[in-house]
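Visitor: I am new to this structure. Please take me through one part of it closely, the surroundings of the ligands, and then show me how that part sits among the rest.

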Amino acid sequence: MTDRVIPLADLRYAARIPVVPADAPRPDGLLADRRDRPLHDLRISVTDRCNFRCSYCMPKEVFDSQYRFLPQSSLLSFEEIVRLAKVFVAHGVRKLRLTGGEPLLRRQVETLVAMLGELRTPDGQPLDLTLTTNGSLLARKAEALARAGLKRVTVSLDGLDDAVFRRMNDVDFPVADVLAGIDAAAAAGLGPIKVNMVVKRGTNDQEILPMARRFRGTPVVLRFIEYMDVGSSNGWRMDEVLPSAEVVRRIAAEHPLLPLEAAAAGETAQRWRYADGQGEVGVISSVTQAFCHSCNRARLSTEGKLFLCLFASEGHDLRALLRSGRSDDELAAAVGGIWQGRDDRYSELRASLPGDDSAAPRRVEMSYIGG
Ligand code: SAM
Ligand code: SF4
Ligand code: SF4
């Protein structure tokens, strides 16, 4: 089975038109890739636009007024997203996360939430439906999202110091408005809320303890993410990565921590609880402790390309299949074939890759496929 690499009018990253295997078995939820990893989690990017310009994700110099975001006609419609989500659920997906760009910028995103909320697993269970947001529009939208059936949210917040945070989002957005968004989400019942903080050594690592103190003793689960070399535009350097072990050491020096078991297979965060019962924190060590061996996540880009790894440089163009009139069975056969061929494990290989990757294919941006 050989895929065809094709040029597309709005080609952003290389994409293949997937082959539809004629003899694919019907989806039974037991799909596994070449490393025996199941397909469990689908992240759906609903827009490539964002109102922030976090330097580690959408640096202003690249995502400036000249940058051409995807035109409306390129985006998957809500109906197309739901159709694909159904196919993924048949293959074993149990968790859907809406992301972006900033997902709350997508017009009527709550309508999509309501449509996805109707989906059921083959044994009749609702899916674990969640969303990752920068929180800027959450105070306004939390209520409507909860009413539409969203279960919980993850909010990104990189510090409590207003000057530090404004510098990191690079659009002068204040901390207080994100905190108001988190409060609104809690009031709307969108919990347990997770708060993600990307830690960049020398930029916001002094915010680790204030953030830990702020959310200790609350139901919010704070998680620290190692700064990653995603995309090709953030100028990533290893010396700006603060290893998660150091994050844990700093917090534990003030409040002793005890390790917790992973809540679910394939969970990205290592969980710790405060020894005095004041809640938990997590660390996501994508750089210093790769977890590719259990990575069960697929990513669907805003324009319907399926990516098998955050560090991929090529996607599989499911939109082309959707818009050429393929049936659900054919879509399922294509997705099954793609997942069965998956061998990605970038983070495990990172250390052995050549330092200068300027000749390597351009990696997809995180704002395009979502975190
Ligand atoms: N705009 C939303 C937000 O910020 O929550 C959703 C999309 S954003 C791409 C998803 C997550 O990716 C955020 O938590 C963000 O902090 C994280 N992220 C982006 N670039 C990153 C990088 N270079 N390293 C680690 N995490 C990153
Ligand atoms: Fe926007 Fe989220 Fe990327 Fe920041 S991390 S620029 S909020 S998409
Ligand atoms: Fe999954 Fe790719 Fe990240 Fe490894 S590097 S954990 S395969 S997304």
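Guide: What follows starts at the ligands and then moves out to the helix contacts and two points in the loops.

Keep in mind that this is a predicted model.

Start with ligand 1. Its shell holds 20 residues. The closest are Tyr56, Gly101, Ser156, Met228 and Met366. Three polar contacts can be picked out here. Look at Tyr56 again. One of its backbone N or O atoms lies 3.0 Å from a nitrogen atom of ligand 1. Now find Thr133. A backbone N or O atom of this residue is 3.2 Å from an oxygen atom of the ligand. Ser156 works through its side chain. An N or O atom there is 2.6 Å from an oxygen atom of ligand 1.

Move on to ligand 2. Around it stand Cys50, Phe52, Cys54, Tyr56, Cys57, Met58, Gly101 and Asn134. Two of these names have come up before. Tyr56 and Gly101 are among the closest residues to ligand 1, and both also belong to the surroundings of ligand 2. By type, the shell of ligand 2 has 6 nonpolar residues, 2 polar and no charged.

Ligand 3 has another setting. Here 13 residues form the surroundings. Cys292, Cys295, Cys309, Leu310 and Ser347 are the closest. Two elements give two or more residues each to this shell: strand E12 (297-300) and helix H10 (346-349). The residue types are 7 nonpolar, 1 polar and 5 charged. Compare the charged entries: the shell of ligand 2 has no charged residues, while that of ligand 3 has 5.

Now step back to the helices. Three pairs are worth tracing.

Take H1 and H9. Helix H1 covers residues 78-90, and helix H9 covers residues 328-340. Their axes are 9 Å apart and meet at an angle of about 60°. That angle makes H1 oblique to H9. The crossing is right-handed. From H1, the contact uses Arg83, Leu84, Val87 and Phe88. From H9 come Asp328, Leu331, Ala332 and Val335. These contact residues divide into 6 nonpolar, no polar and 2 charged.

Next, H2 and H3. Helix H2 spans residues 109-117 and helix H3 spans residues 138-148. They pack at about 20°, with axes 8 Å apart. An angle under 35 degrees counts as roughly parallel, so H2 and H3 are roughly parallel to each other. They too make a right-handed crossing. On the H2 side are Val109, Glu110, Val113 and Ala114. They meet Lys141, Ala144, Leu145 and Ala148 in H3. The division by type is 6 nonpolar, no polar and 2 charged.

The third pair is H6 and H7. Helix H6 runs over residues 208-215, and helix H7 over residues 244-254. Their axes come within 10 Å and cross at roughly 55°. This crossing angle makes H6 oblique to H7. The handedness is right-handed. Ile208, Leu209, Ala212 and Arg213 are the H6 partners. Val247, Arg250, Ile251 and Glu254 are those of H7. Here the count is 5 nonpolar, no polar and 3 charged.

Finish with the backbone. Two loops hold details to find.

Go to the loop between helix H5 (175-187) and strand E7 (194-199). Pro192 is placed there. The peptide bond leading from Gly191 to Pro192 is cis, with omega near 0°.

Then go to the loop between strand E2 (14-17) and strand E3 (41-45), where Asp36 is found. Phi of Asp36 is near 65°. That is a positive value in a residue other than glycine.

One last look returns to the ligands. Tyr56 is a good residue to begin from on screen. Its backbone reaches a nitrogen atom of ligand 1 at 3.0 Å, and Tyr56 is also one of the residues around ligand 2.

Terms used: Residues are numbered from 1 along each chain as its sequence is written. Chains are lettered from A and ligands numbered from 1 in the order in which they are written. This is a predicted model: local features need pLDDT of at least 70, side-chain atom pairs count only at pLDDT 80 or more; totals for chains, interfaces and linings use all residues. Side-chain values use heavy atoms; hydrogens and water are left out. Axes are lines fitted to C-alpha atoms, for helices over the stretch in contact, and angles run from 0 to 180 degrees between N-to-C directions. Helices (H or I, at least four residues) and strands (E, at least two) are DSSP runs, numbered from the N terminus. Angles under 35 degrees count as roughly parallel, over 145 as roughly antiparallel, 65 to 115 as roughly perpendicular and the rest as oblique. A crossing is left-handed if the near helix is turned anticlockwise from the far one by less than a right angle, and right-handed if clockwise. Contact means heavy atoms within 4.5 Å. Ala, Val, Leu, Ile, Met, Phe, Trp, Tyr, Cys and Pro count as nonpolar, Asp, Glu, Lys and Arg as charged, and the others, Gly among them, as polar. A residue is near a molecule or strand if one of its heavy atoms lies within 4 Å of it. A polar contact is a pair of N or O atoms within 3.5 Å; within protein, one must be able to donate a hydrogen and the other to accept it, and residues adjacent in sequence count only if both atoms are side-chain atoms.
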